[in-house]
2 protein chains.
Amino acid sequence: MRKVDRQRLLRNLIQTHEIERQEDFVKLLQAEQIEVTQATISRDIKEMQLVKVPNADEGYHYSLPLEKKLDVKEKLRRTLRDAYVTHNQQDYFVVIKAHPGNAPAIASLLDQLQSEDIFGTIGGDDTVLIICKSEEQAKQFRVFIEDLLK
Amino acid sequence: MRKVDRQRLLRNLIQTHEIERQEDFVKLLQAEQIEVTQATISRDIKEMQLVKVPNADEGYHYSLPLEKKLDVKEKLRRTLRDAYVTHNQQDYFVVIKAHPGNAPAIASLLDQLQSEDIFGTIGGDDTVLIICKSEEQAKQFRVFIEDLLK
DNA sequence: AATGAATATTAATTCAAC
DNA sequence: GTTGAATTAATATTCATT
């Protein structure tokens, strides 16, 4: 497997798994029959400018580079600007209504943001349900969305 | 010195110095007559959610947490929206003209962004001169500003 | 150029002390 | 709760190989 392909895979893994250590990457790749060592992962991480971010509560996780995240936020803003209808928060939940067909894109962008506030998202065709980690974090996330719309 | 004060100091140091290792923090604090060990810095970094970012070229540097950077970009957007007059790029340089008195705030926000494109900024009263690391990066930065204004 | 094995370096944690 | 000293764990790099 070529380096570019492996790195693309890393980019996916980071979205779908909580990666705490470089060895986690090694093991996940092993599960896909790809044999690499920690040394290679370290080089990939440097090249891709991935960062190990301390979690708010405990532990660490690897994350996309800053620049990429800024881009994601920018995309989210534009998508919302074009497709936003309404939003609402209740308890742990925030619901965003959008024009038909736009919810999946919004859900995907929210996932890519890897927000500390978000536990998970579920998207329909014109609605995204965002499940937050706490009511407090749901509030914070709602404010985040409102700021984005300003 | 209390922990909160030390952490505030760390936040400053990160802006004004290229911090490559936790030991760099230790040494910089030593220079201020503050004696701490690497263990304490490691705990601070975790608590403040600082991250070690691989540089585009070589080495690493510690950086503000993602969330904070997103906030900075947001502030920059609003400041520009309110105070922006014109901008221009030539060679390595980008010049942003703003309403009188607003340039220092813009320069400060740009510094906080710790953009890989920016070598340094000089601010007057209504003008910020951004010195980029290359003409290519100056272009990129110009696009970044234009996107922000959209 | 890309990689692994071994190693050096850096960072996180444990454990004791305060 | 906070910290340092010592230790362990994790990560980066060196050196050799392909």
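**Protein chains and DNA strands in the predicted model**

Helix 3 of chain A makes the greatest contribution to the surface near DNA strand D, supplying five residues. The structure described here is a predicted model. Helix 3 of chain A is joined at this surface by helix 1 (3–16) and helix 3 of chain B, each of these three elements supplying at least two residues. In total, 18 residues surround DNA strand D, and the closest are Gln22(A), Arg43(A), Tyr62(A), Thr40(B) and Arg43(B). Of the atoms of DNA strand D that come within 4 Å of the protein, 62% belong to sugar and phosphate. Sorted by class, the residues of the surface near DNA strand D comprise five nonpolar, five polar and eight charged ones.

Several side chains approach the phosphates of DNA strand D. For Tyr62(A), a polar side-chain atom lies 2.7 Å from a phosphate oxygen of this strand. In chain B, a polar side-chain atom of Arg6(B) is likewise found 2.7 Å from a phosphate oxygen of DNA strand D. For Lys52(A), the distance from a polar side-chain atom to a phosphate oxygen of DNA strand D is 3.4 Å.

The surroundings of DNA strand C can be described in a similar way. This strand is surrounded by 17 residues, of which Thr40(A), Arg43(A), Gln22(B), Arg43(B) and Tyr62(B) are the closest. Helix 3 of chain B provides the largest share of the surface near DNA strand C, namely four residues. At least two residues of that surface come from each of helix 1 (3–16) of chain A, helix 3 (38–48) of chain A and helix 3 (38–48) of chain B. The surface near DNA strand C contains seven charged residues, together with five polar and five nonpolar ones.

Both the backbone and the bases of DNA strand C come within 4 Å of the protein: sugar or phosphate accounts for 63% of the atoms within this distance, and bases account for the rest. On the phosphate side, a polar side-chain atom of Arg6(A) is placed 2.8 Å from a phosphate oxygen of DNA strand C. The side chain of Lys3(A) has an N or O atom 3.3 Å from a phosphate oxygen of DNA strand C. A base is approached by Gln38(B), whose side chain has an N or O atom 2.8 Å from a base nitrogen of DNA strand C.

The relation between the two protein chains was examined next. Two copies of a chain are related by a rotation about an axis and a shift along it. Here, chain A is superposed on chain B by a rotation of 180° with 0.0 Å of shift along the axis, and the RMSD is 0.1 Å. This is therefore the relation of a two-fold axis. The same surface serves both copies, since 100% of the contact residues of chain A recur in chain B.

The contact draws on 28 residues from chain A and 28 residues from chain B. Between the two chains, an area of about 2300 Å² is buried, with carbon and sulfur atoms giving 53% of it. Three residues, Lys46(A), Leu66(A) and Leu70(A), supply 26% of the area that chain A buries against chain B, more than any other three residues.

Side chains of opposite charge can pair when their charged atoms come close. Across the interface of chain A and chain B, six salt bridges are found. One salt bridge links Lys73(A) to Glu74(B), with the closest N and O atoms 3.1 Å apart. Polar contacts between chain A and chain B amount to eight residue pairs. On the side of chain A that touches chain B, at least two residues come from each of helix 3, strand 1 (51–54), strand 2 (60–63), helix 4 (66–83) and helix 6 (135–149) of chain A. Helix 4 of chain A gives the largest share of this side, nine residues. By class, the side of chain A that touches chain B has 14 charged, 10 nonpolar and four polar residues.

Over all chains, the structure holds 27 salt bridges. A salt bridge within chain A joins Arg142(A) and Glu146(A), whose closest N and O atoms are 3.3 Å apart. Both residues, Arg142(A) and Glu146(A), belong to helix 6 of chain A and are four residues apart, about one turn of the helix.

Chain A as a whole contains six helices and six strands. Along the sequence, these elements of chain A follow the pattern α-α-α-β-β-α-β-β-α-β-β-α. Taken along the principal axes, the C-alpha atoms of chain A fill a box of roughly 50 × 30 × 25 Å.

Methods:
Residues are numbered from 1 along each chain as its sequence is written. Chains are lettered from A and ligands numbered from 1 in the order in which they are written. This is a predicted model: local features need pLDDT of at least 70, side-chain atom pairs count only at pLDDT 80 or more; totals for chains, interfaces and linings use all residues. Side-chain values use heavy atoms; hydrogens and water are left out. Copies are superposed by least squares on the C-alpha atoms of residues with pLDDT of at least 70 in both. Contact means heavy atoms within 4.5 Å. A residue is near a molecule or strand if one of its heavy atoms lies within 4 Å of it. A polar contact is a pair of N or O atoms within 3.5 Å; within protein, one must be able to donate a hydrogen and the other to accept it, and residues adjacent in sequence count only if both atoms are side-chain atoms. Ala, Val, Leu, Ile, Met, Phe, Trp, Tyr, Cys and Pro count as nonpolar, Asp, Glu, Lys and Arg as charged, and the others, Gly among them, as polar. Buried area is the accessible area (1.4 Å probe) that two parts lose on being put together, summed over both. A salt bridge is a side-chain nitrogen of Lys or Arg within 4 Å of a carboxyl oxygen of Asp or Glu.
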